[in-house]
Amino acid sequence: MERRVSRVSFFAWILIVVAVGLGEVHAADKLAPFVLGSEAAGDRQKILEETTAALKGQGFTIAGRYSPYQGTDILVVTNDFLRKLASEEESGLYLAGARVSVTQVGEKTQVAYNNLEYLQNAYRVKKSLTPII
């Protein structure tokens with residue numbers, strides 16, 4: 001009888017571990033730190049210029065730009081909402097400068113950006129990001 005209880009307990013434990021693991025995988029799909037915005041063939045410099053123009057057109061300011069290695073440019077962007085959030089909440093400062101990368105990967109150029117919803121959860125920012133997401 002004791003052996004049967006041990007087997008049942010073991011299988012129950014396995015079921016719990018699998019269920020928790022599946023929940024983590026599902027959550028990881030929704031809250032990744034970066035989002036691949038686009039991937040297209042074309043001149044990386046032209047795509048960088050188009051991305052910069054689109055961001056400015058949406059009210060973002062380019063606060064900085066750096067190139068950590070050849071074929072990659074990182075734009076640090078902010079806007080009035082993010083700056084206000086940084087002044088209202090201590091942890092909001094982590095969201096004040098979002099990153100947008102333009103990277104050459106083989107024959108294609110990828111544009112990716114910080115997932116602000118991920119950062120909101122990671123840093124426990126209370127204010128809604130609905131106005132900019």
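**A pocket, a five-stranded sheet and two loop residues**

In this predicted model, the largest pocket holds about 470 Å³ of space. Its lining is made up of 20 residues, and those closest to the centre of the pocket are Phe60, Tyr113, Asn114, Leu116 and Ile132. Several elements of secondary structure contribute to this lining: strand E1 (34–41), helix H2 (44–57), strand E4 (98–105), strand E5 (108–114) and helix H4 (116–122) each provide at least two residues. In chemical character, the lining residues of the largest pocket comprise 12 nonpolar, six polar and two charged ones.

Strands E1, E4 and E5, which help to line the pocket, also belong to an open sheet of five strands. Read across the sheet, the order is E1-E5-E4-E3-E2, and the pairing is antiparallel. E1 and E2 occupy the edges; each has a single partner strand, so one side of each lacks a neighbour in the sheet. From one strand to the next, the twist averages 20°.

The pairing at the E2 edge can be followed residue by residue. Strand E2 (residues 61–66) and strand E3 (residues 72–78) run antiparallel and are joined by five bridges. Within this pair, Ile62 lies opposite Val77 of E3, while Tyr66 has Ile74 of E3 as its bridge partner. The two strands form a hairpin, with five residues between E2 and E3. In the turn of this hairpin, Gly71 has a positive phi of about 90°.

Two loop residues complete the picture. Ala32 sits in the loop between helix H1 (2–30) and E1. With a relative accessible area of 26%, Ala32 is partly exposed, because this value falls between the limits of 20% for buried and 50% for exposed residues. Apart from neighbours within four places in sequence, Ala32 is in contact with Asn115 and Tyr118. The C-alpha atom of Ala32 is separated by 9.7 Å from that of Leu116, although the two residues are 84 residues apart along the chain. Leu116 is also one of the residues closest to the centre of the largest pocket.

Ser91, for its part, is placed in the loop between helix H3 (80–88) and E4. The relative accessibility of Ser91 is 15%, so this residue counts as buried, the cut-off being under 20%. Once neighbours within four places in sequence are set aside, Ser91 is in contact with Tyr123, Arg124 and Val125.

Notes. Residues numbered from 1 in each chain as written. Predicted model: local features only at pLDDT ≥ 70, side-chain atom pairs only at ≥ 80, totals over all residues. Heavy atoms only, no water. 1 Å grid on protein atoms, 1.4 Å probe; cavity = no way out; pocket = protein on both sides within 12 Å on 5 of 7 lines; lining within 4 Å. Points joined across faces, edges and corners; volume = space filled by probe spheres on them. Helix = DSSP H or I, 4+ residues; strand = E, 2+ residues; numbered from the N terminus. Nonpolar A, V, L, I, M, F, W, Y, C, P; charged D, E, K, R; others polar. Buried < 20%, exposed > 50% of the residue type's maximum accessible area, 1.4 Å probe, protein only. Contact = heavy atoms within 4.5 Å. Pairing = 2+ DSSP bridges. Axes fitted to C-alpha atoms, helices over the stretch in contact; angles between N-to-C directions.
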